[in-house]
Structure formats: structure tokens, C-alpha cells
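Notebook open, model loaded. I want to see how the parts of this chain sit against each other.

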Amino acid sequence: MTKKIYVIHENDDWTSHLIKRLEELNLPYETWHLDEGIVDLNEVPPEGVFYNRMSASSHTRNHRFAPELTGAVIDWLEFHGRKVLNGSNALRLELSKVKQYTQLEKCGVRVPKTVAAVGKGQIMEAAKTLNTFPFITKHNRAGKGLGVQLFYSLEALQEHLDKPTFEDSVDGITLVQQYVSSPDQSITRVEFVGGEYVYSVRVDTSEGFELCPADACQIGDLFCPVGEEPKDQMKFRIVENPRTELIERYKRFLKENSIDVAGIEFIVNEEGTAYTYDVNTNTNYNSDAEEQAQKFGMLELAKLLGRELENLN
């Protein structure tokens with residue numbers, strides 16, 4: 001059989017942009033949509049390069065157990081020695097901000113003060129333990145800004161917890177976290193492909209502190225049309241990133257955790273201190289920002305997959 005690139009995912013909308021680039025480069029590929037399926041451990045997987053694009057927010061698309069199925073598939077692939085980009089360890093980080101933060105700190109990257117809790121009563125205790133105001137809550141297994149709420153007091157948190165609309169994290173773990181305020185209401189997302197720096201994108205969050213790059217246009221990814229909005233007011237803009245030391249620490253973090261492709265987000269407070277708060281191994285790219293800068297993340301990713309496939313032959 002001809003060796004192929006296999007794209008493991010659960011969202012066709014996010015995969016189509018990569019498929020377009022693979023076709024442009026005439027690379028053989030196949031997509032594995034892992035919402036449901038079986039893993040026959042008695043069979044040998046096909047030869048090829050496997051790229052994992054599973055998302056922590058899959059349950060918001062009614063794909064509740066897609067990450068668990070993907071974990072089983074990747075374990076099977078790795079057992080048979082297949083080349084997997086964003087393999088089992090990358091998947092574990094995608095699904096747990098606790099794991100992200102501990103591994104980032106291990107590499108000298110500053111993260112917000114965070115306390116993890118399971119149970120409503122323990123969420124309140126976590127806020128008391130954190131003892132920092134204001135603070136935010138967020139889901140440990142998230143994506144799309146899930147569970148992000150801002151609180152200025154313990155009373156406000158209790159009111160939120162008592163509401164019937166309170167939604168727990170899909171893994172049951174809620175994070176209570178130091179709120180980092182950006183004076184220019186922006187965050188920066190740093191993109192890496194093959195462990196190498198590609199570019200940084202500034203994201204305007206002025207419409208709400210909880211907006212992450214995947215949410216700002218309410219379509220769940222970064223392909224956000226800006227219409228007639230002036231280019232200097234684009235929500236997403238590729239920018240120079242002077243924080244070279246931080247980029248080098250990110251590269252070390254990716255290498256030590258076997259992450260091949262990722263977007264890492266940080267926010268800078270009024271004192272100029274950068275706090276890293278999210279690692280997205282299912283990273284997407286904003287089309288308008290890329291067109292303006294003439295830098296294309298999916299193209300670089302397709303080229304990487306092509307090189308890895310060629311190395312197998």
C-alpha cells in the first residue's frame with residue numbers, strides 16, 4: 001500500500017484548511033474522523049505519518065469520547081512504531097491545563113497562580129486559598145474559553161455556583177486562577193510547527209476578557225472574516241515578538257513534551273510581565289492575518305508532513 005499522511009481529528013471544518021494545503025502539494029492523505037470507532041489491537045496499522053488534531057473542546061460538538069478514542073488509537077500506533085506528530089503526550093497536555101502549567105513552569109515559563117478543585121464546595125475553598133482579587137474560573141479540559149468567568153468577590157462566586165446554569169468542566173476539574181489584566185486588551189498567540197517558531201499573532205480581546213482566538217467570531221476557530229473592518233482594527237494581526245527568551249523557553253517546552261505543532265498564548269500585565277495561560281495543540285490560523293503578513297501556518301504544516309512522509313521512504 002502507498003504510504004500516506006493520516007489526519008486524526010473530530011471536526012471537518014477545522015481539517016479542510018489543512019486538506020487544501022496537502023492537495024496543493026500533491027501529498028497523499030486520508031482523514032480519520034474519530035467521533036466513534038473501534039481499535040482492533042490484533043491488527044497492524046497502515047504505514048504512514050499520523051498527525052493528531054484532536055481538540056479538548058470536542059464534547060461541545062457532541063463528540064464526548066473522541067479524545068479517549070484518539071488516545072487508544074495513538075497508543076496502538078505508537079506501540080507499532082508509527083510516526084505520530086502530536087502523539088500521546090501532546091494529547092495529554094491538550095486535555096489538561098494542570099499538566100500544561102506544571103510542564104511550562106518546569107521550563108521556566110511563568111503561569112498565573114492557579115488552584116484546581118473538584119466539587120462546588122471545593123471551588124469556593126480554592127478561591128479562598130488563592131486569596132487574589134479579582135480572579136477567574138475556567139475548565140481544566142476546555143478549549144473555546146469554556147468556563148471562563150471573572151469574579152471580584154467570593155460572594156459573586158457563590159452566587160455563580162448556586163445558579164442552575166452552572167456548568168462543570170467535562171473532567172470535573174475547575175481551575176481558580178489569578179486574573180491577569182492586559183492594559184491594551186490583547187493577548188499574543190505564538191505559533192510553532194515542527195517545534196520551530198513560525199509567527200506571533202496579536203488578538204484583540206476588547207469585546208470581552210474571556211475571548212480566546214478560537215472564539216472571537218463565535219465560530220469556534222481562527223478563520224474569522226473581518227469583512228470591511230479596517231486592517232488596523234483587525235482582531236487578529238501577525239506582529240513582531242520581541243520576547244525571544246520566552247520563545248526559546250517555549251521551544252524547550254515543546255521539545256521536552258514531544259509536541260510538534262502548537263499555539264501558545266500569553267498575556268502581558270501593566271508591569272510588562274508575561275503570563276502564559278494556554279497551550280493549544282489543535283491550533284488553527286486566521287486567514288486574513290496570514291494573507292496580510294504572507295505567512296501561512298497550514299502551508300508550513302503541510303510541508304512538514306510531506307517531509308516526514310518522505311523520510312519514511
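My entries on the domains and one residue follow.

Ground rules first: this is a predicted model, where local features need pLDDT of at least 70 and side-chain atom pairs count only at pLDDT 80 or more, while totals for chains, interfaces and linings use all residues. Numbering runs from 1 along each chain as its sequence is written, and side-chain values use heavy atoms, with hydrogens and water left out.

I looked up the split: domain 1 (4-94 + 305-312), domain 2 (95-110 + 182-293) and domain 3 (114-178), with bounds from an automatic or database domain assignment.

Next, domain 1 against domain 2. I find 20 residues of domain 1 in contact with 20 of domain 2 (heavy atoms within 4.5 Å). Together they bury about 1,700 Å², 49% of it on carbon and sulfur atoms (accessible area, 1.4 Å probe, lost on being put together, summed over both). Trp14, Leu93 and Glu94 supply 39% of what domain 1 buries there, more than any other three residues.

Any salt bridges? I get zero across this interface (the rule wants a side-chain nitrogen of Lys or Arg within 4 Å of a carboxyl oxygen of Asp or Glu).

Last, Leu91, which I place in helix H3 (a DSSP run of H or I, at least four residues, numbered from the N terminus). Leu91 is buried at 5% relative accessible area (buried is under 20%, 1.4 Å probe, protein chains only). Beyond neighbours within four places in sequence, Leu91 contacts Asn52, Met54, Pro67, Thr70, Gly71 and Ile74. Met54 is 37 residues away in sequence but 7.4 Å away C-alpha to C-alpha.

Conventions: Buried area is the accessible area (1.4 Å probe) that two parts lose on being put together, summed over both. Helices (H or I, at least four residues) and strands (E, at least two) are DSSP runs, numbered from the N terminus. Buried means under 20% relative accessible area, exposed over 50%, partly exposed in between (1.4 Å probe, protein chains only).
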